[in-house]
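Visitor: Please take me through a close look at the backbone of this model, and in particular at any place where a torsion angle takes an unusual sign. I would like the surroundings described as well, and after that whatever can be said about the ligand.

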Amino acid sequence: MNFENILIEEEGSIATISINRPKKLNALNKDTITELHEAFKELDADKDVKVIIITGSGEKAFVAGADIGEFAHFSVSEGQKLAAKGQEVLFDFVENLKTPVIAAVNGFALGGGLELAMACHFRVASENAKMGLPEVSLGVIPGYGGTQRLPQLIGKGRAMELIMTAGMIDAQKALNIGLVNHVVPQEELHATCYKIAGKISNNSSIAIGYAIKAVNAGFKSDVNGYVSEIEAFGSCFGTEDFKEGTTAFLGKRKANFPGA
Ligand code: COA
């Protein structure tokens, strides 16, 4: 597929997706969401890709939200469909990928932008990053999972305040409350994400996929996280990666995981 709104770069086992609408501060319009879905699907299916990093083009924004111009005239049912479809094809999709996804938050991550960063498996921010869910200032609420994932990450009270005030927090505050894992100068953001991605890619991608599934299970109301963990744990014993990992350890050598 040819992409107009995103760029993909692959270096070794690490792929970087850049949302590339800098003049619109990388706001998520319908086409961008569709392209992101396709890109994530393709990269997740590619066995050579061990980690995906997502970021925004330019130095100002990760993503400044859903494209307000696209939904300003929507009806009740169109609004519901927008949220349902977006959650299905992008936000839930990313969260449930078997390939780890790191959000490199390089500037404004607002509304749908913060929701996208929160759907990723974890976040690294640059010092200039600003995060918030300003939807209530527009007369709407977060609809791409923000009311659920923000309390999971920072606790209910803090999430309530951030959502109700429609405020923005800086990177340091985001670090202090656990919304992002690291804060680095902007020029070091990419290298920092690469360094972490490199460490991840040395491990079993199959086991990492199962770990993502088990962790996510704990946040779903229709499944028991402990039961999911037992199933995923057991499944690992049937993989080539498990044979390689344990054999390498016992043979006192570094594992070279086949990813199967
Ligand atoms: N949807 C559509 N367009 C957006 C956008 C969004 N969420 N966020 C920014 N843009 C566009 C602006 O309309 C502007 O386009 P223009 O040059 O054609 O007029 C361009 O991006 C640059 O934004 P601008 O507002 O001029 O930059 P700024 O530095 O003055 O302000 C922000 C930056 C992020 C504070 C401001 O753009 C903003 O508040 N954006 C909306 C954030 C939001 O509410 N997101 C949640 C949506 S549900």
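Guide: In this predicted model, A166 counts as partly exposed, because its relative accessibility is 21% and the buried class ends under 20%. This alanine sits in the loop that links α6 (156-165) to β9 (168-170), and its phi is near 55°, a positive value in a residue other than glycine. Such a sign deserves attention because most residues other than glycine have a negative phi.

A positive phi is also found at N26, where the angle is about 60° although the residue is not a glycine. N26 belongs to the loop between β2 (14-19) and α1 (30-45), and N26 is classed as buried because its relative accessible area is 0%, whereas A166, at 21%, is partly exposed.

Turning to the ligand, one finds 16 residues surrounding it, with K24, K60, A64, A66 and I68 as the closest. By character, the shell divides into 9 nonpolar, 2 polar and 5 charged residues. Among the polar contacts, a polar side-chain atom of K60 lies 2.6 Å from a ligand oxygen, while a polar backbone atom of I68 is 3.0 Å from a ligand nitrogen, and a polar backbone atom of K23 is 3.4 Å from an oxygen atom of the ligand. Taken on its own, the ligand has 850 Å² of accessible area, of which the protein covers 60%.

Note on methods
Residues are numbered from 1 along each chain as its sequence is written. This is a predicted model: local features need pLDDT of at least 70, side-chain atom pairs count only at pLDDT 80 or more; totals for chains, interfaces and linings use all residues. Side-chain values use heavy atoms; hydrogens and water are left out. A residue is near a molecule or strand if one of its heavy atoms lies within 4 Å of it. A polar contact is a pair of N or O atoms within 3.5 Å; within protein, one must be able to donate a hydrogen and the other to accept it, and residues adjacent in sequence count only if both atoms are side-chain atoms. Accessible areas come from the Shrake-Rupley method with a 1.4 Å probe; for residues, only the protein chains shown count as cover. Ala, Val, Leu, Ile, Met, Phe, Trp, Tyr, Cys and Pro count as nonpolar, Asp, Glu, Lys and Arg as charged, and the others, Gly among them, as polar. Helices (H or I, at least four residues) and strands (E, at least two) are DSSP runs, numbered from the N terminus. Buried means under 20% relative accessible area, exposed over 50%, partly exposed in between (1.4 Å probe, protein chains only).
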